[in-house]
Amino acid sequence: QVQLVESGGGLVQVGGSLRLSCAASGSIDSINAIGWYRQVPDNEREMVAAISMDDNTIYADSVKGRFTIFRDNAKNTVLLQMNSLKPEDTAVYYCNSGTYYSGSYHGGDFWGQGTQVTVSS
């Protein structure tokens, strides 16, 4: 099994930046890719960005050019740098252990507990 713990959420003003972290533990060698999702009440979770263990990346159109996903191997951590934040980025952000193939990210069964990001206007 894989355990995922998110951190780094908070309150930020429009145009500001935050960096989210997803720390992995457990069966780390089994991880193929990590994805970041977000969810607002009454909506489905949407995939925001994902990265494979050989550094292929995928971004949702809504965050391209503003968000960057990258890995810190030494810390078994995947980070999501979020710049130029907008009110519509407000959500609970979750990380997920999944699979990258055929140019797409496919979510898996392991999720973190989530971290709240609030962008105030």
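A salt bridge is a side-chain nitrogen of Lys or Arg within 4 Å of a carboxyl oxygen of Asp or Glu. The structure holds five of these salt bridges. The model is predicted: local features need pLDDT of at least 70, side-chain atom pairs count only at pLDDT 80 or more, and totals for chains, interfaces and linings use all residues. Residues are numbered from 1 along each chain as its sequence is written, and side-chain values use heavy atoms, with hydrogens and water left out.

**Exercise 1. Describe the salt bridge between aspartate 89 and arginine 38, and state whether its partners are buried or exposed.**

Step 1. In general, side chains of opposite charge can pair when their charged atoms come close.

Step 2. In the bridge between aspartate 89 and arginine 38, the closest N and O atoms are 2.9 Å apart. The pair links distant parts of the chain, 51 residues apart: aspartate 89 lies in the loop between β8 and β9 (91–101), and arginine 38 lies in strand β4. Strands (E, at least two residues) and helices (H or I, at least four) are DSSP runs, numbered from the N terminus.

Step 3. Accessibility is classed by relative accessible area: buried is under 20%, exposed is over 50%, and partly exposed is in between (1.4 Å probe, protein chains only). Both aspartate 89 and arginine 38 are buried. Arginine 38 has a relative accessible area of 6%, and therefore counts as buried.

**Exercise 2. Which residues surround arginine 38, and with which side chain does it make a polar contact of 3.4 Å?**

Step 1. Arginine 38 belongs to strand β4, residues 33–39.

Step 2. Contact means heavy atoms within 4.5 Å. Not counting residues up to four places away in sequence, arginine 38 touches Glu44, Arg45, Glu46, Val48, Ser62, Val63, Phe67, Glu88, Asp89, Ala91, Val92 and Tyr93.

Step 3. A polar contact is a pair of N or O atoms within 3.5 Å; within protein, one must be able to donate a hydrogen and the other to accept it, and residues adjacent in sequence count only if both atoms are side-chain atoms. The contact of 3.4 Å is with the side chain of serine 62. A further polar contact, of 2.9 Å, joins the side chains of arginine 38 and aspartate 89.

**Exercise 3. Place arginine 66 in the structure and trace its polar contacts.**

Step 1. Arginine 66 sits in the loop between β6 and β7. Its relative accessible area is 10%, so arginine 66 is buried.

Step 2. The side chain of arginine 66 reaches the backbone oxygen of serine 62 at 2.9 Å. It also makes a polar contact of 2.7 Å with the side chain of aspartate 89.

Step 3. Beyond its neighbours within four places in sequence, arginine 66 is in contact with residues including Gln81, Met82, Asn83 and Asp89.

Step 4. Lysine 64 and aspartate 61 form another salt bridge, with the closest N and O atoms 3.1 Å apart. Salt bridges that share partners join Arg38, Glu46, Arg66 and Asp89 into one network.

**Exercise 4. What is the phi of aspartate 55, and which salt bridge does this residue form?**

Step 1. Aspartate 55 has a positive phi of about 70 degrees although it is not a glycine. Most residues other than glycine have a negative phi.

Step 2. The side chains of aspartate 55 and arginine 71 meet in a salt bridge (2.8 Å, N to O). This pair links distant parts of the chain, 16 residues apart: aspartate 55 is in the loop between β5 (46–52) and β6 (57–59), and arginine 71 is in strand β7.

Step 3. Aspartate 55 is partly exposed because its relative accessible area is 45%.

Step 4. Serine 102 also has a positive phi, near 55 degrees, and is not a glycine. Serine 102 lies in the loop between β9 and β10 (104–111). At 70% relative accessibility, serine 102 counts as exposed.
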